[in-house]
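Here is a walk through one structure, taken a piece at a time. Keep the 3D view open and follow along.

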Amino acid sequence: MRKLISNFLCCLLFYAAYSQKTEINGKVTDSTGNGLANVSIKERNSNNGTVSDLNGNFRLMTAPGTPLEISMVGYLPTVVNASNNLSITLLAGGSSLDEVIVTALGIRRDKRNLTYAAQEVKGETLQQARQENIVNALAGKVAGVQISNSSGQPGSSSRIVIRGITSLNGENQALFVIDGIPMDNTEAGVIDATNQGPDNAALNSGSTSNRAIDLDPNIIESVTVLKGAAATALYGSSAARGAIVITTKTGSRSRRPQVTLGTNYGFNTAILAEFQDKYAQGTNFEYVDGNNGQFASTSWGPLIDTLRVNGQPVKKHDPRKEFFRTGHVTDNNVSVSGSTDQSKYLISYAFLRNDGIVPNSLFQRHSLFGKFTNQITKNLSATIQLNYINTFNDRMAEGNGLTNPLWTIFAAPISWEPFPTTNPDGSQRLYRVARNNPYFLLDNVKTTSTVNRFLPIATLTYTPLSWLSVTERIGADIYTDQQHYHESNKIVGGLFVGNGGVSNRLQTFRQFNHDLMIEAKKNLTDKLYTSFLVGNNILSQYSQYYTQTAFGLSIDNYYNINNGAVSSVSDVYSLNRKVGFYAQLNAEYNKMFVLGLTGRYDGTSVLAQGNNYYPYGSAAVGFIFSELLNERFNALNFGKVRVSYSIVGNDNVSPYLLTTPFVPAGQVNNIAFPFNGQSGFLLSPTLGSENLKNETLKEFETGLELRMFNNRLSFDGSYFIRKTSDLLTLTPLAPSSGFFEAILNAGSLEDKGFELLLGATPVKSRNFGWDISINFTRIRNKVTELGEGIDKIQFGGFGGGGGTYAFKDMPYNMIFGSMYERDANGEIVVDDGGLPIIADQNGIIGNTNPDFNAGMSNTFTYKAFSLGFVFDWKQGGDIFSLDNHYNWFYGTPKATENREPFIVKGVKASDGKENDIFISAEDYYKGVSEIDEACIEDGTYIKLRSLSLSYNWNPQSGRLPFKNVSFTVSGNNLWIYKPHFTGSDPEQNIVGAGNGQGIVNYLIPTSRSVNLGLRVTF
């Protein structure tokens, strides 16, 4: 240790003794005299430089008279000669291509010097998207990123994956970081009141919110997407899957308090699938009067246009349009910001309320944010901030469970009148048995979630020398999620099987993060610039799920735990810790060659002793070849190639899997525990392992960046190959072993692909401008290994049946299920009745992975007007439609409207000859609804993701009370092209943010929205 300290002090003395230059000082302001923070001040033809502080002040060691380049994004650059007490004014303007972006650990770096792929999205872009979840606001804008929204329900879950899959059944979403502090973005999932397991609970009840929904877009300055392992290695193993780095706003430079008021109103309408509207309830074209006590589940009855009951025409309904309503969204915010001689401040409050397209559904969010930055002394600054969020979500059940109203809405006959919802005896009024009246469900089944969340962060930066800084950052992510579920004892086929019940779950989450960083930046020679950073990270995470469940309600409609005849309690908690030591070296030679090295050494509590510490790192180089070009060749303004290689360790596994603990017994041999007041315990069905070690991710990346024609055209392309091995995997076991699964280092994956980003400014004049950005992503994934003796691992769907799986040497997340019987030529085989035959064995019937993703953003400006729109395109990716699986049988989809007899194309099983047997549409659709392969659809879509038109007025007269007024009209999902998908939206999925993507099952449709917004700054 003494030798290490001695070497470090020698390095400091070397830096200090290197130059005999004089320290000069100055201040940078805008045209109004307000100080500008984070302005770059550099010696010309050198990397010796600094940045201005909060008030625009700076200090720099340099020789008097040396030309200094002064630059900042959004301002015209200038050059001044070094002297003491400089006063520099920057004028608004300049190119946004020469930008400084926020990278890992909140470090700001010139994008020209990056040796890895990173893309920034401005906060204004997120606000214009008018999305309650910032994940959805990124859709279509970033190359290399796949985003999906689970359903059209308020507070629905969204999923974001960067560069494909890194884990078989662990977390695959990107790490979220806010102002340098990791934040939780998991999805808690619905209450598993009857111990189905999380996968079955999602299948039968739907998903919940992912926690990124708590963030208010109004407080976000920018979002940087770090894509490869070289970009995220400093964050440790949790960022092996990429990182979303969020930077919040700071106070304005105005000495007077600046008040901004914003209000937005929007309305949403459901994007419905097509349904047949010609045939009434019944079978074989015979009418069944479900309005007067007869029962039938199907709509294979007669034409409704000529149908009469007691001489009166039967009223025609549209069950879908009658059920879904117009949703309303209000989003109001107010902020106060300003500065003093030594500080900046920002206080913001926002309230969002989304009344969904389903009655009784609601998501609302209160967000209070405060940030205070102070230059305590000449060398010491501090930033203190706190974000408090309160959200409330009232959800309708989705998925395969019978508490989902869509079971009867999507399957309802057009001849059925749903009101009144109950019969005179209080029982449900319905057109069929073994189902529930959808409106009765809305009143007698309830799922709510109340979240209170705190995100405090404190950052201290000490700069003893102009080239040396010490930063200490402490932050936390603390929240509770109180979830409540209840159902009436009159519900048919509910979770509590007609007994009624109530379940409450309290989730408590606490995460504490600490970073200590020392960074030195210095020119070693006139051509060699270096920066060196060392740091330490400590992360502690605690989580607890406390669940109380009672069923067999004694008093109807009294949903209290004490009202249940049988009750149970579950208390599950976990604690894990991680410690890391990291270092980073960046060097630039002659403004042409760039080198980046990172190293990290992590220790974790979730892996076995002896394996719980592991090192990893990355090496990257960049060559800015445009520096070699003759000044006369000005078509190419900037050109760079970059290459990187990274090895990252990962501990992507839950705590306490090193052993096999005892867990409370549920029901054993028809005996329900507690039994006679005595609790029972069994060994966990998951077999632990005492030899768990870290996963390993290896990634090679190369890229090319170009800027041409005076920065009017830009290109950024990346190619990567990523391999993960020793995956921490829940591997299935034979039940005869006494366990259902085991946690093992088993399996490996490979991702490779390329991502392209093209930007252009085709038109740029004084009054008119046009900017366009196009991104394209193509990723190929393959499961290269599974556990020994394991042929497949399931992620979603029905246990052992139709669902999504991993197979060796196949892409991740394949659809597996029942198939058509086919002959040697691939022809469908039919039986003697002309119906397709189901094959004896299940097989692979679909691939959920898209061929490619692409997006296009356009912005047109004319004077004070701005028009922008975003197209999002996903090509391919199969979807298992359980909606068709059920609704074909019921006869409600549009495809069932043609009811003429026809011949199925195929061959007869009896003689192998071409099929010539006519069958009825009713027999056909009832038959093929049982074949999973028939329910596979292509998920290709092109969306007009967003469209906005705004007017921005900056009055020149000082007599008016406001500085800026902007008015915006915008819309989302205004147009969707889905040529091969018959549902509402191919983007939807039943598992929310989970891994089993590609399954839809009675989900609330996506909505089309129109929004009006007004923003005024005083």
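Let's start with charges sitting over rings. Arg320 lies over the face of Phe275, and the distance to the ring centre is 3.9 Å. Keep in mind as you look that this is a predicted model. Lys926 does a similar job over the face of Phe889. Here are both placements side by side.

| Charged residue | Ring it lies over | Distance to the ring centre |
|---|---|---|
| Arg320 | Phe275 | 3.9 Å |
| Lys926 | Phe889 | 5.3 Å |

**Rings with rings**

Aromatic residues also pair with one another, and the structure holds 36 such pairs. One of them is Phe593 with Phe623, which is stacked. The ring centres of Phe593 and Phe623 are 5.2 Å apart, with 15 degrees between the planes. This pair ties together distant parts of the chain: Phe593 belongs to strand β31 and Phe623 to strand β32, 30 residues apart. Are these two rings buried or exposed? Phe593 has 41% relative accessibility, so it counts as partly exposed. Phe623, at 26%, also counts as partly exposed. Elsewhere, you can look for one aromatic cluster made up of Trp770, Phe860, Phe869, Phe871, Trp975 and Tyr977.

**The strands around that stacked pair**

Now for the strands themselves. Strand β30 covers residues 564-589 and β31 covers residues 593-604. Twelve bridges join β30 and β31, and the two run antiparallel. If you want a spot to zoom in on, Val579 has Gly603 in β31 as its bridge partner. The hairpin of β30 and β31 has three residues between the strands, and in it Asn590 takes a positive phi near 55 degrees. On to the next strand: β31 is joined by eleven bridges to β32, residues 613-623, again in an antiparallel arrangement. There, Tyr601 has Pro615 in β32 as its bridge partner.

**A helix wrapped up by its surroundings**

Next, find helix α9, residues 882-890. How many of its nine residues are buried? Eight of them are, so α9 is largely enclosed by the rest of the structure. The buried ones are Leu882, Asp883, Asn884, His885, Tyr886, Asn887, Trp888 and Tyr890. What covers them includes the helices α4 (198-205), α7 (406-409) and α10 (921-928), along with the strands β52 (878-881), β56 (936-938) and β59 (999-1000). Just after α9, Gly891 takes a positive phi of about 80 degrees.

Those strands belong together. They form an open sheet of three strands in the order β56-β52-β59, and the pairing is mixed. The edge strands are β56 and β59, each pairing on one side only. Between β52 and β59 there are two bridges, and these strands run parallel. Phe880 stands opposite Ile999 in β59. As for the helix, α9 lies across β52, β56 and β59, running at about 40 degrees to β52.

**Another open sheet**

There is also an open sheet back at lower residue numbers, with three strands in the order β4-β1-β7 and mixed pairing. Its edge strands are β4 (57-62) and β7 (86-89), and each pairs on one side only. From one strand to the next, the twist averages 30 degrees. Strand β1, residues 22-29, is joined to β4 by six bridges, and the two run antiparallel. Within that pairing, Lys27 stands opposite Asn57 in β4.

**Two loop residues**

Finally, a pair of residues in loops. Asn218 sits in the loop between α4 and β15 (220-226). Its relative accessible area is 9%, so Asn218 is buried. The side chain of Asn218 makes a polar contact with the side chain of Asn333, at 3.5 Å. Leaving out residues up to four places away in sequence, Asn218 touches Gln127, Lys249, Asp331, Asn333, Ala350 and Arg1015.

Thr660 is in the loop between β33 (636-650) and β34 (662-664). With 23% relative accessibility, Thr660 counts as partly exposed. Which residues does Thr660 touch, not counting residues up to four places away in sequence? They are Leu683, Ser684, Thr686, Leu687, Gly688 and Phe739. A polar atom of the Thr660 side chain lies 2.9 Å from the backbone nitrogen of Gly688. Thr660 and Glu690 are 30 residues apart in sequence, while in space they are 9.5 Å apart, C-alpha to C-alpha.

Terms used:
Residues numbered from 1 in each chain as written. Predicted model: local features only at pLDDT ≥ 70, side-chain atom pairs only at ≥ 80, totals over all residues. Heavy atoms only, no water. Pairing = 2+ DSSP bridges. Helix = DSSP H or I, 4+ residues; strand = E, 2+ residues; numbered from the N terminus. Axes fitted to C-alpha atoms, helices over the stretch in contact; angles between N-to-C directions. Buried < 20%, exposed > 50% of the residue type's maximum accessible area, 1.4 Å probe, protein only. Contact = heavy atoms within 4.5 Å. Phe/Tyr/Trp six-rings, centres within 6.5 Å; stacked < 30°, edge-to-face > 60°. Lys NZ or Arg CZ within 6 Å of the ring centre and 35° of its normal. Polar contact = N/O pair within 3.5 Å; in protein donor to acceptor, adjacent residues only side chain to side chain.
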